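This report describes a single protein chain in terms of its helices, its charged pairs and its surface. The sequence and structure are shown first, and the description follows.

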Amino acid sequence: MTAPARSVAESKQPSVWEDFVDVFYAPAAVFLRRREGRYGLALVVLTVLFAVSFLATKPLLEPLFERSFEEGIAALRAQGMSDEQIAEAPPIIERMVGITSGATAIIGMPLLVLLGALVAWVAAKPFGSTASFGQTMMVATYANVPRIVGAVVGAAILMFLDASQLPALQQMSVGPALLLPRDASPVLVALMQRLDVFTLWTTALYGIGLSVVGKISRGQGFAAAGLGWVVATIFALLLGLRQAATLGG
């Protein structure tokens, strides 16, 4: 009677909520016990928590949205748009901002996890990883948990800044991008964004997770995660170059 009961107790997996706590201080243990690759419930919880944190901190971000809106109107005026055309622009811009904000809260995180898992899965192959795509999705899901804290910390920083110190919306970061001047090059901003504390934290978790589920050394896992970081950084720089070209044109 006691042996089966003990066996059931020992085989009982910690809950997803426990995983979300443990990933901050014992990530290898989380990846090991979830190595079968199930991530559906964890991804739902991650998405909900990220959306809640986004909506909870949105009032702190409003000044950034408003300033970006004003700068957008000024840019339209500088391009020679008439007052009548500019008068029609605000509703369009407001709708776009609303759609962007909603999309960030609802589909932003699942898309980030999917793309991150795809890059990590491919990047780990040259290092001998045996992880399936499902296992890599699990790693990507838990690796992005610190971003919830990052969203809160990033918004909280704004509480200590006056209106003249507010960064550009693209510079919101817990890292060097936040210290750049508002007229900094989009390419430089893109590069500094990749040095965000929580982006680097997430990258490190990718490395640990890939080593556990891919059955490779910890060094190989970090190398694979670093390669994924480089690929994502190149993509960000290309977007920055495109933005710089648009502004220059």
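A salt bridge is taken here as a side-chain nitrogen of Lys or Arg within 4 Å of a carboxyl oxygen of Asp or Glu. The model to which this criterion is applied is a predicted one.

## Salt bridges

Side chains of opposite charge can pair when their charged atoms come close. The structure holds three salt bridges, which are set out below.

| Pair | N to O distance | Location of the partners | Sequence separation |
|---|---|---|---|
| Arg33 and Asp19 | 2.8 Å | helix α3 (residues 27–33) and helix α2 (residues 16–22) | 14 residues |
| Asp19 and Arg34 | 2.6 Å | helix α2 and the loop between α3 and α4 (40–78) | 15 residues |
| Arg33 and Asp22 | 2.6 Å | helix α3 and helix α2 | 11 residues |

Because these salt bridges share partners, Asp19, Asp22, Arg33 and Arg34 are joined into one network. The side chain of Asp19 meets that of Arg34 at 2.6 Å, N to O, and this satisfies the limit of 4 Å. Asp19 also pairs with Arg33, where the closest N and O atoms are 2.8 Å apart. Arg33 in turn forms a salt bridge with Asp22.

Are the members of this network buried or exposed? Asp19 is buried, with a relative accessible area of 0%. Arg34 has 12% relative accessibility and therefore counts as buried, since the threshold for that class is under 20%. Arg33, at 18%, is likewise assigned to the buried class. For the remaining pair, both Arg33 and Asp22 are buried.

## Surroundings of Arg33

Arg33 lies in helix α3. What does Arg33 touch, not counting residues up to four places away in sequence? The contacts are with Gln13, Pro14, Glu18, Asp19 and Asp22. Two of these names recur from the network described above, as Arg33 forms salt bridges with Asp19 and with Asp22. A further relation concerns Val213: the C-alpha atoms of Arg33 and Val213 are 9.9 Å apart in space, while the two residues are 180 residues apart in sequence.

## Overall architecture

The protein chain contains 11 helices and zero strands, and its pattern along the sequence reads α-α-α-α-α-α-α-α-α-α-α. Of its 249 residues, 39% are buried. Among contacts with a separation of 6 or more, 66% are made by residues 24 or more positions apart. The chain exposes about 13600 Å², of which carbon and sulfur atoms supply 69%.

## Helices α8 and α9

Helix α8 comprises 12 residues (residues 146–157), which at 1.5 Å a residue should span 16 Å. The end C-alpha atoms of α8 are 17 Å apart, in agreement with that expectation. The expected figure is obtained because 1.5 Å is multiplied by one less than the number of residues. Within α8, the buried residues include Pro146, Arg147, Ile148, Gly150, Gly154 and Ala155.

Which residues are buried in helix α9 (residues 186–193)? They include Pro186, Val189, Ala190 and Met192. These residues cover an arc of only 170° around the axis, so they lie on the same side of α9.

## A nonpolar surface patch

Val119, Leu227, Val230, Val231, Ile234, Leu238 and Leu241 form a nonpolar patch on the surface. Together they have about 550 Å² of accessible area. Helix α11 provides the largest share of the patch, six residues. One of the patch members, Leu227, is found in helix α11. With 35% relative accessibility, Leu227 counts as partly exposed; the value qualifies Leu227 for patch membership because the cut-off is over 30% relative accessible area.

## Backbone conformation at Lys215

Which sign does the phi angle of Lys215 have, positive or negative? Phi is positive, at about 55°, although Lys215 is not a glycine. Lys215 is placed in the loop between α10 (197–213) and α11 (218–248). With a relative accessible area of 71%, Lys215 is exposed, because that class begins at values over 50%.

Technical notes: Residues numbered from 1 in each chain as written. Predicted model: local features only at pLDDT ≥ 70, side-chain atom pairs only at ≥ 80, totals over all residues. Heavy atoms only, no water. Helix = DSSP H or I, 4+ residues; strand = E, 2+ residues; numbered from the N terminus. Buried < 20%, exposed > 50% of the residue type's maximum accessible area, 1.4 Å probe, protein only. Contact = heavy atoms within 4.5 Å. Areas by Shrake-Rupley, 256 points an atom, 1.4 Å probe, with all protein chains shown as cover. Patch = residues over 30% accessible without salt bridge, like charges linked within 9 Å, V, L, I, M, F, W, Y side chains within 5 Å. Arc of directions from axis to C-beta.
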